[in-house]
Amino acid sequence: MTALRAWLSDPNPASRRQARLGQAWLAWQRIRRNRLAMAGLVIVGLLLLVAAFAPLIAPHDPLTQDLSRRLLPPGTPGNLLGTDDFGRDILSRIIFGARITLYIIALVAVTAPVLGLLIGTVAGYFGGWVDATLMRLTDIFLAFPRLILALALVAVLGPGIENAVLAIALTAWPPYARVARAETLTVRSSDYIAAIRLQGASSPRIIAGHVVPMCLPSVIIRVTLDMAGVILIAAGLGFLGLGVLPPTPEWGLMISSGRKFLFEQWWVATMPGLAIFIVSLGFNLLGDGLRDVLDPRSASR
Amino acid sequence: MTGLPAPSPQRRLLPVLGQIALGLGTLAITLLGLLLITFVIARIVPTDPVLSIVGERATPAQIAAIREKLGLDLPLWQQFLIYVRDAVQGDLGRSIRTGQSVTAEIARYFPATLELATLGTIFGTLVGVPAGVLAATRPGSIADQIVRVVGLMGYSMPVFWLGLIGLLVFYGQLDWVAGPGRLDPVYDMMMQFTLTSYTGMILVDAALNGAWDVFANAVSHIVLPAGLLGYVSMAYISRMTRSFMMNELGQEYITTARIKGMPEWRVIWVHAMKNVAVPLITVIALSYAYLLEGSVLTETIFAWPGLGSYITDALFAADMPAVLGGTVVVGVAFVTLNMASDILYRLVDPRARA
């Protein structure tokens, strides 16, 4: 263990791999000291575990109805967080809902940043009218309020989880394009890019192999911070009935179905909202911490 | 630029005017793009607008006639030009549900949203700016931590859920505020039949009419949703204020002022604030624009008859002209607020003119 640590923190790395791992080790050391970021990491880790092992953790089936046990308050033996209007166990539904939430954010996280990276790096690398056109397009999409554009898109595409993801991804890419373009502009004129170009590398190759990796840290921070917003928008769409369809245990949808008896059986609407809040707080804390650690410009503040 | 005489006031103003002109040009392109997107969305709608007008049993001849009347037989680019021409003239089409002009309907709903978002922004600014300043002057203190965590919570809470909890606690349990809606039914009748409407914003109208009982009732209705939106914008404003203020407090002119023996409140609120205020204008304008959007979910919870309710109701009635009309209006408000704050920024801050 100590040998490994010494190897990682060696000021004179012998290989490229050692240098990279050493960098990661140092970043990890810095994150570990940030208590709020660690709290965020724990929450996100818990979300992953809960989603992965949902069938093992959940005390009941999330879809089985039992009308003789409907609207039981939290703390009832067997139903820790109570039951909803169909007698379904709320805790089990929240646990299975973690899968839906994770599915949505994972799909958005692999689509929107890729699109944004592509547009941003191409715009920044080529400059000129390509840059002007692509950035104008980005500004137009940025000018649209996200939730409303997503609403209009889902209205056209029809409700459903894939359509919700598509609508969210189509509204989420512009900030990534902005970030990627800014990073590209700073590396575009550096010597190493000129050297590769002189060796005859093609533009796609330079962008994919040498510009995109430079943009990745800032994009990853943005993704983490953005996931909180994605969770909220997805829950909002679900709440309005535009996300997944009813029996599915989606958190936003669960809040909306509990709304009818808010004043009598408060827990039905409150519990899933608490889940949304905690998970989105986790991503915010983690993203905040990552930014402090990985982004030297904000670390000085 | 060395060796040139100091520019006269006129020469200094000229670049600003040029930038404003450039800004307006950009604004026009952005608005055009906005219309293009809503136009494309409207074209890929699976429901045929013709069928929804004539019904399932129309003869092909009737359908063709309606198509022609709506201009759907023209090439797409021509349809788009007509759409833009109409939109510029303030015509956003007719609602499928009511058959009325979307523009007229939105004009009726918009003041309620404007009232809510404005009050929310005022709350957010009044609390957020001092909180951010407090956090910036004592970094790492308990106060700083509290401001940070309260802010992060505001970022992380689903606004519709917070609204439900607010209703549950302050209306259902404590009975401190009035429930959903803008007014109690009695006052609503009064507002509609005996008082003159000047702006559509109840607080303003009631005050102008001197109807203070209506005013009090409206306050009791608006306090919860506006406070809620205020919290959301407070989270953003306090965070940005903190970061701007910390940046400013590290500057040398602040040290100079302190060495001179200037009282700390004056250093912060007069000297540093002058520089913080400039980027803060942009932040407040952005959060205002954001609240216009955030009102969509809030209005659903509080049965608030504003633009958000209008859009969601239209959504469920598959009334696409109304949905897209509402989208365009919010988009235009968004873009205009952004542009206005940008121009203001350049006018106030000489450094931004370069």
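# Two helical chains: how the labels are earned

Guide: In this predicted model, helix 5 of chain B and helix 13 of chain B lie oblique to each other.

Visitor: Why are helix 5 of chain B and helix 13 of chain B called oblique?

Guide: Take the angle. The axes of helix 5 (residues 102-137) and helix 13 (residues 307-316) of chain B cross at roughly 130°. Antiparallel needs an angle over 145, and perpendicular runs from 65 to 115. Roughly 130° falls in neither range, so the pair is oblique. The two axes come within 7 Å.

Visitor: Which residues make the contact of helix 5 with helix 13 in chain B?

Guide: Helix 5 of chain B brings B:Glu105, B:Ile106, B:Tyr109, B:Phe110 and B:Thr113. Helix 13 of chain B brings B:Leu307, B:Gly308 and B:Tyr310. By class, this contact holds five nonpolar, two polar and one charged residues. B:Gly308 belongs to the contact, and Gly counts as polar.

Visitor: What makes helix 5 of chain B and helix 6 of chain B oblique?

Guide: The same test applies. Helix 6 of chain B covers residues 142-156, and its axis crosses that of helix 5 at roughly 135°. Over 145 would be roughly antiparallel. Roughly 135° does not reach that cut-off, so this pair is oblique too. Here the axes come within 8 Å.

Visitor: Which hand has the crossing of helix 5 of chain B and helix 6 of chain B?

Guide: That crossing is left-handed. On helix 5 of chain B, the contact is made by B:Ala131, B:Gly132, B:Leu134 and B:Ala135. On helix 6 of chain B, the partners are B:Ala143, B:Asp144, B:Val147 and B:Arg148. Five of these residues are nonpolar, one is polar and two are charged.

Visitor: What is the secondary structure of chain A, and what is that of chain B?

Guide: Count the elements. Chain A has 13 helices and zero strands. Chain B has 14 helices and zero strands.

Visitor: How much of chain A and of chain B counts as buried?

Guide: Chain A has 301 residues, and 45% of them are buried. For chain B, the figure is 37% of 354 residues. Each buried residue has 20 or more other C-beta atoms within 10 Å of its own.

Visitor: What makes helix 9 of chain A hardly covered?

Guide: The count of buried residues. Helix 9 of chain A (residues 191-198) has eight residues, and zero of them are buried. Just after this helix, A:Gly200 takes a positive phi of about 95°.

Visitor: Why does B:Ala303 count as partly exposed?

Guide: B:Ala303 has 13 C-beta neighbours inside 10 Å. Exposed means 12 or fewer, and buried means 20 or more. The count of 13 lies in between, so B:Ala303 is partly exposed. Its place is the loop between helix 12 (264-301) and helix 13 of chain B. B:Ala303 also has a positive phi of about 45°, although it is not a glycine.

Visitor: How do you know where A:Arg30 belongs: buried, exposed or partly exposed?

Guide: Run the same count. A:Arg30 has 15 C-beta neighbours inside 10 Å. Buried starts at 20, and exposed ends at 12. A:Arg30 is therefore partly exposed. Its place is in helix 2 (residues 16-33) of chain A. A:Arg30 and A:Pro217 are 187 residues apart in sequence, and their C-alpha atoms are 16 Å apart.

Visitor: Which residues have the most contacts inside the largest nonpolar core?

Guide: A:Ala150, A:Leu151, A:Ile168 and A:Ile231 do. That core has 168 residues. Beyond its neighbours within four places in sequence, A:Ile231 is in contact with A:Thr101, A:Ile105, A:Ile276, A:Val279 and A:Ser280.

Visitor: How many residues of chain A are in contact with chain B?

Guide: 35 residues of chain A are in contact with 37 residues of chain B. Helix 6 (128-143), helix 7 (146-157), helix 10 (203-239) and helix 12 (267-294) of chain A each supply at least two residues of the chain A side. Helix 12 of chain A gives the largest share, nine residues. By class, the chain A side has 26 nonpolar, five polar and four charged residues.

Visitor: How much of the contacts in chain A, and in chain B, joins residues at least 24 apart?

Guide: Among contacts in chain A between residues at least 6 apart, 68% join residues at least 24 apart. In chain B, residues 24 or more positions apart account for 71% of the contacts with a separation of 6 or more.

How values were computed
Residues numbered from 1 in each chain as written. Chains lettered and ligands numbered in written order. Predicted model: local features only at pLDDT ≥ 70, side-chain atom pairs only at ≥ 80, totals over all residues. Axes fitted to C-alpha atoms, helices over the stretch in contact; angles between N-to-C directions. Helix = DSSP H or I, 4+ residues; strand = E, 2+ residues; numbered from the N terminus. Parallel < 35°, antiparallel > 145°, perpendicular 65-115°, else oblique. Contact = placed C-beta atoms within 7 Å. Left-handed = near helix turned anticlockwise from the far one by under 90°. Core = buried A, V, L, I, M, F, W, Y, C linked by C-beta atoms within 7 Å.
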